[in-house]
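Take a walk through this model, from the whole fold down to one surface patch.

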Amino acid sequence: MIWLYFVISANLLYAIVAILDKHILSRPDISTRAYAFYVGVFGMAAFAFAPFVGFSLIPLRPLLMSLAGGAFFIIAIRFYYKALQEKEVSRAASVTGALVPLFTFILSMIFLGELLEANELLAFAFLAGGSLLIAFEFRENKFVFDAPLKRTLAAFLLAAFFVSMRAVYLEVSFWDGFLWARVGGLAAALFILFGFAASKQKIKDFFRGHDHRSVGGLFFVSKGASALAFLLFNYAILLKTPVLVNAFNGLQYVFIFLLAILLANFLPRAIKEEAAAKKMWLQKFGALGLIVAGFAILFRFF
């Protein structure tokens, strides 16, 4: 059950990262392409572990899947950052997170042939149901599930990343697969740099100027926490099918919702979040109840 502790810790860290990213991306002069570019570039810092954990050339099939997985991740977060820039953090993040478990479930069955046992399927239904419920927005006295193209693409590509990395970890060592995926992320970052002429100047200007230096400091804090969460999440995927690992996404968005509301009330300059109606609070706690039920099923049967 150690994979569960990795997943819970990663989701809490990802919630903190989402709040920091929203604060940075709320600046109109911050480019989401530049942001994704630097995530891909600084992902190569993982190679600092290479002398201690080993790194080698792996067979062609897992090598291509690792590279593709890393590229999927960078492209996915570019779409995610765009959604985060346009919407409140609890709304932008929760919709993507609600769709990831569903896409992961489908892709895992098709490409990995991983089927859940009856008790796992029941736990997945509660966990994914909680993730889905928390993503609904309350508009004009009714609940609406708003899943525009950017957030749907981000979810699909993240699911493709998780499934491809699970396939890699089944064939090669964790660190070999993980580090080669960072190379794939760098390739996607270079595509952003050279594939879009408008991105070059924004990438150059990202850390320039007094205000941008302060943004740069927050960027490194955010990406440091994100790197740790990324490592924990990937290790959980090594230990358990990504279908169940991603089913816990709803927990992350409960954390995001609570943190966003707290910050909006106590540090309104840091982040803006609309006050939650009573029905929304019931919705969020109902989603949390489903997630807790999924937890209970897993602890009961494992």
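The overall make-up comes first, then a helix, then the patch.

This is a predicted model: local features need pLDDT of at least 70, side-chain atom pairs count only at pLDDT 80 or more, and totals for chains, interfaces and linings use all residues. Residues are numbered from 1 along each chain as its sequence is written, and side-chain values use heavy atoms, with hydrogens and water left out.

The protein has 13 helices and 2 strands. These are DSSP runs, numbered from the N terminus: helices are H or I with at least four residues, strands E with at least two. Of the 302 residues, 52% count as buried. Buried means under 20% relative accessible area, exposed over 50%, partly exposed in between (1.4 Å probe, protein chains only). Take contacts (heavy atoms within 4.5 Å) between residues at least 6 apart in sequence: 85% join residues at least 24 apart.

Helix α7 covers residues 149-169. Its first and last C-alpha lie 30 Å apart, close to the 30 Å expected for its 21 residues. The expected span is 1.5 Å times one less than the number of residues. α7 is mostly covered, with 16 of 21 residues buried.

Now the outside. The accessible surface is about 13,600 Å² (Shrake-Rupley method, 1.4 Å probe), and carbon and sulfur atoms hold 70% of that. Met1, Ile2, Tyr5, Tyr235 and Leu239 form a nonpolar patch there, with about 460 Å² of accessible area together. Helices α1 (2-25) and α10 (210-239) each give two or more residues to this patch. Leu239 sits in α10. Why can Leu239 count towards a patch? Patch residues need over 30% relative accessible area and no salt bridge (a Lys or Arg side-chain nitrogen within 4 Å of an Asp or Glu carboxyl oxygen), and nonpolar side chains (Val, Leu, Ile, Met, Phe, Trp, Tyr) are joined within 5 Å, like charges within 9 Å. Leu239 is partly exposed at 37%, so its area passes that cut-off.
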